[in-house]
2 protein chains.
Amino acid sequence: MQISEASSKCGLSSDTIRYYEKSGMLPEVGRGGDGNRRFSQENIEWLTLLYWLRETGMSMAQMRRFTRLAKAGPATVSERRRILMDHSEQLHVRRKMLDRCETVLAVKIASYRERSPEDRN
Amino acid sequence: MQISEASSKCGLSSDTIRYYEKSGMLPEVGRGGDGNRRFSQENIEWLTLLYWLRETGMSMAQMRRFTRLAKAGPATVSERRRILMDHSEQLHVRRKMLDRCETVLAVKIASYRERSPEDRN
DNA sequence: TTACACGCTTGGAGCTACTCTAAGTCAAGC
DNA sequence: GCTTGACTTAGAGTAGCTCCAAGCGTGTAA
């Protein structure tokens, strides 16, 4: 599978995939006789995980660390699990932010509805 | 109120407040006789709203547009309400992303738990 | 009165995480 | 043989901060 198909399967753009590879966030990606990248099913699964981690705010530094651990083999499984569990907690923090913002917006929108005598910002 | 107090009240750093002002995302901020910025209660409310919009992913371009409309006066209220309502919908999209990511993480974490014969990435 | 600290000011450099562009290679189809 | 299209690289450009240096004005302490 070439890069554009990989891109449409994992959700990251081709540019981002190349950038992630250069930044050490992918395990070895093979090349065909034409010199182009060939993505395996495992590669796609990895990219898809990165897509979700990025989409929910994990830093590249953390993703790089996660990749390094995965490359190091099964001995690092517990450390990797820790990273994912920590990120899972981050998701709760973010959800709370969304909830609070929704309240803030609701109040602001309501203030726009009532036609007050003074200018409402 | 000077910038550091404003910063601690709205949640944006002093640097970010100055940056936002320079980028046309604040209505006029007054200056004291010493040449330093003086923030009014209205300023703080505006900054706090920007804090929430940023925190939940609104682009600077959109925030700038929102500010421009607010400066233009009450005639733009309905357009501003539209912006906030659109952003409110965005929050739902983001929440769904968090939910899906949580599922992805749960699956991955579970795969780490079962000690499989092959190396699990 | 001089000395130093503190909080503010500006302009500009540096950083993260992409995103886009230019210039080139290679294989397939006409 | 020529064009088209997907790929390659290096490197420039962008968004949104974040930090730093150099300088100014006020306040306390010696």
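1. Start with how the protein touches DNA strand D in this predicted model. Of the strand D atoms within 4 Å of the protein, 77% are sugar or phosphate atoms, and the rest belong to bases. Around DNA strand D there are 15 residues, and the closest are A:Arg18, A:Arg37, B:Tyr20, B:Arg54 and B:Met60. Here a residue is near a strand if one of its heavy atoms lies within 4 Å of it.

2. A word on bookkeeping before going on. Residues are numbered from 1 along each chain as its sequence is written, and chains are lettered from A and ligands numbered from 1 in the order in which they are written. The model being predicted, local features need pLDDT of at least 70, side-chain atom pairs count only at pLDDT 80 or more, and totals for chains, interfaces and linings use all residues, while side-chain values use heavy atoms, with hydrogens and water left out.

3. Now the polar contacts to strand D (pairs of N or O atoms within 3.5 Å; within protein, one must be able to donate a hydrogen and the other to accept it, and residues adjacent in sequence count only if both atoms are side-chain atoms). A:Arg37 uses a backbone N or O atom, which sits 2.7 Å from a phosphate oxygen of DNA strand D. A:Arg31 works through its side chain instead: a polar atom there is 3.1 Å from a phosphate oxygen of DNA strand D. For a base, look at B:Asp15, where an N or O atom of the side chain is 3.5 Å from a base nitrogen of DNA strand D.

4. Which elements supply at least two residues each of the surface near DNA strand D? They are α1 (3-10) of chain A and α2 (14-22) of chain B, with α2(B) giving the most, four residues. Helices (H or I, at least four residues) and strands (E, at least two) are DSSP runs, numbered from the N terminus. By class, this surface has four nonpolar, six polar and five charged residues. Ala, Val, Leu, Ile, Met, Phe, Trp, Tyr, Cys and Pro count as nonpolar, Asp, Glu, Lys and Arg as charged, and the others, Gly among them, as polar.

5. Over to the other strand, DNA strand C. It has 15 residues around it, and A:Tyr20, A:Arg54, A:Met60, B:Arg18 and B:Arg37 come nearest. Of the strand C atoms that come within 4 Å of the protein, 78% are sugar and phosphate.

6. Three side chains to look up at strand C phosphates. A polar side-chain atom of A:Tyr20 is 2.5 Å from a phosphate oxygen of DNA strand C. For A:Arg54, the distance from a polar side-chain atom to a phosphate oxygen of that strand is 2.9 Å. From chain B, B:Ser4 brings a side-chain N or O atom to 3.0 Å from a phosphate oxygen of DNA strand C. The elements giving two or more residues to this surface are α2 (14-22) of chain A and α1 (3-10) of chain B; the largest share, four residues, comes from α2(A).

7. Next, helix packing in chain A. Helix α3 (residues 41-55) and helix α4 (residues 60-72) pack at about 150 degrees, with axes 11 Å apart. That makes α3(A) roughly antiparallel to α4(A). Axes are lines fitted to C-alpha atoms, for helices over the stretch in contact, and angles run from 0 to 180 degrees between N-to-C directions. Angles under 35 degrees count as roughly parallel, over 145 as roughly antiparallel, 65 to 115 as roughly perpendicular and the rest as oblique. On the α3(A) side, A:Trp46, A:Leu49, A:Leu50, A:Leu53 and A:Arg54 meet A:Met63, A:Phe66, A:Thr67 and A:Ala70 of α4(A); contact means heavy atoms within 4.5 Å. Seven of these residues are nonpolar, one is polar and one is charged.

8. In chain B, the axes of helix α4 (residues 60-72) and helix α5 (residues 77-113) come within 9 Å and cross at roughly 155 degrees. α4(B) and α5(B) are therefore roughly antiparallel to each other. The contact of α4(B) with α5(B) has five nonpolar, one polar and three charged residues.

9. Last pair: α1(B) and helix α3 (residues 41-55) of chain B, at about 50 degrees with axes 9 Å apart. These two are therefore oblique to each other. B:Ala6, B:Lys9 and B:Cys10 of α1(B) make the contact with B:Ile44, B:Leu47, B:Thr48 and B:Tyr51 of α3(B).
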